[in-house]
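Colleague: Hey, got a minute to walk me through this one? I'd like to know what I'm looking at.

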Amino acid sequence: MDLLDQDAVLQSLATPLSERLSLTVLDEVDSTNAEVLRQIAAGAKNIPIVIADCQTAGRGRRGRVWQSPRGENLYLSMGLTFHGGFGVLDGLSLVLGVAVANALEQLGVPAVRLKWHNDIFLPSGKLGGILVELQGELEEGVVQVIAGIGLNVHMSRAEGVDQPWSSLAMACPEIEWSRNQIAAAIVEAILDAVAAFSDVGFRYFREPWQKRDLFMGESLRARGGEIEGVGCGIDDQGNYQIRTAEGVVPVRAGEISLRVVP
């Protein structure tokens, strides 16, 4: 059994970092993102982080259900504060993807790929996803972000999933996977990335994201088939670029999904 343990997570983090956090580990919750939001509304002082063994109403993008079986995966959400208003957040979901990829690679996972704009992939299929939710300004120029990360760790079956998927245990069976260790590595990587992002913006992360781009060189279709071309990476704002017969066309985050042409 790979049990979640608050003390084990905190002990895996450097002491100065752990003292900045308010970590809650739950047996069950509707959604870790929703619980972080409740803690913020209640006046959380430190960085609120919620990890749950099971979610009863886990969410993905566009309101999709995120399968959250008990005891198998990692469901983690963090409350992050940014100064400068909503305009400073361009590319944030991509930055979080780079941070998660960095953490996984340091734990020994090879060939981590990123799918624009918020999915984590391995060669064998989807490993996890990131859900970023923005709250209104707490005060002028101060924005609260809830970042949720879901990763398949021990899962070996997933009924009703209609796309190739993978888990850390399936992809790297030689490693003894601990959800506590994974959580600590991801928290540390995200806080490091957020500090750099706040200082220099997205440009620092463009190349690290680009080298893991799942869509690079693929034949893609966007905007309901209106745009077709070849994936050629992201621009300085994090928009995905498709090279068409008429030139390079940017696809903006939140505007439309990309699909690989069969």
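Modeller: Sure, one term before we start: buried means under 20% relative accessible area. Also keep in mind that this is a predicted model.

Colleague: Okay, so take Val187. Is that buried or exposed?

Modeller: Val187 has a relative accessible area of 2%, so it counts as buried. You'll find Val187 in helix 6.

Colleague: What does Val187 touch, if you skip its neighbours within four places in sequence?

Modeller: Skipping those, Val187 is in contact with Leu21, Ile49, Leu76 and Met78. There's also a C-alpha separation of 9.4 Å between Val187 and Ser77, and those two are 110 residues apart along the chain.

Colleague: Let's zoom out. How many helices and strands does the protein have?

Modeller: The protein has seven helices and 12 strands. Its radius of gyration is 18 Å, close to the 18 Å from the globule rule for 262 residues, so the protein is as compact as a globular protein of that length.

Colleague: And what does the C-alpha trace span along its principal axes?

Modeller: About 55 × 45 × 30 Å. Of the 262 residues, 51% are buried.

Colleague: What about contacts between residues that sit far along the chain from one another?

Modeller: Take the contacts with a separation of 6 or more: 63% of them join residues 24 or more positions apart.

Colleague: Back to helix 6. At what angle does it pack with helix 4?

Modeller: Helix 4, residues 92–106, and helix 6, residues 179–200, pack at about 140°, and their axes are 8 Å apart. That angle makes helix 4 oblique to helix 6. The crossing of helix 4 past helix 6 is right-handed.

Colleague: Which residues meet there?

Modeller: From helix 4 you have Leu92, Val95, Leu96, Ala99, Val100 and Ala103. On the helix 6 side they meet Ala185, Ile186, Ala189, Ile190, Ala193, Val194 and Phe197. By class, that contact of helix 4 with helix 6 has 13 nonpolar residues, no polar and no charged.

Colleague: How do helix 6 and helix 7 cross?

Modeller: Helix 7 covers residues 203–210, and its axis comes within 8 Å of the helix 6 axis, crossing at roughly 130°. Helix 6 and helix 7 are therefore oblique to each other. In that contact, Ala193, Ala196, Phe197 and Val200 of helix 6 meet Arg203, Tyr204 and Phe205 of helix 7. The classes there are six nonpolar, no polar and one charged.

Colleague: Changing topic: anything unusual in the backbone?

Modeller: Two spots to look at. As background, most residues other than glycine have a negative phi, and most peptide bonds are trans. Ala111 isn't a glycine, yet it has a positive phi of about 60°. The peptide bond from Trp116 to His117 is cis, with omega near 0°.

Colleague: Where do Ala111 and His117 lie?

Modeller: Ala111 is in the loop between helix 4 and strand 4, and it's partly exposed, with a relative accessible area of 33%. His117 is in the loop between strand 4 (113–115) and strand 5 (119–122).

Colleague: Last one: what's up with Ala171?

Modeller: Ala171 is in helix 5, residues 168–171. Its relative accessibility is 34%, so Ala171 counts as partly exposed. Apart from neighbours within four places in sequence, Ala171 is in contact with Leu122 and Ser166. Gln144 is 27 residues from Ala171 along the chain, and their C-alpha atoms are separated by 35 Å.

How values were computed: Residues are numbered from 1 along each chain as its sequence is written. This is a predicted model: local features need pLDDT of at least 70, side-chain atom pairs count only at pLDDT 80 or more; totals for chains, interfaces and linings use all residues. Side-chain values use heavy atoms; hydrogens and water are left out. Axes are lines fitted to C-alpha atoms, for helices over the stretch in contact, and angles run from 0 to 180 degrees between N-to-C directions. Helices (H or I, at least four residues) and strands (E, at least two) are DSSP runs, numbered from the N terminus. Angles under 35 degrees count as roughly parallel, over 145 as roughly antiparallel, 65 to 115 as roughly perpendicular and the rest as oblique. A crossing is left-handed if the near helix is turned anticlockwise from the far one by less than a right angle, and right-handed if clockwise. Contact means heavy atoms within 4.5 Å. Ala, Val, Leu, Ile, Met, Phe, Trp, Tyr, Cys and Pro count as nonpolar, Asp, Glu, Lys and Arg as charged, and the others, Gly among them, as polar. The radius of gyration is taken over C-alpha atoms; the globule rule is 2.2 Å times the number of residues to the power 0.38. Buried means under 20% relative accessible area, exposed over 50%, partly exposed in between (1.4 Å probe, protein chains only).
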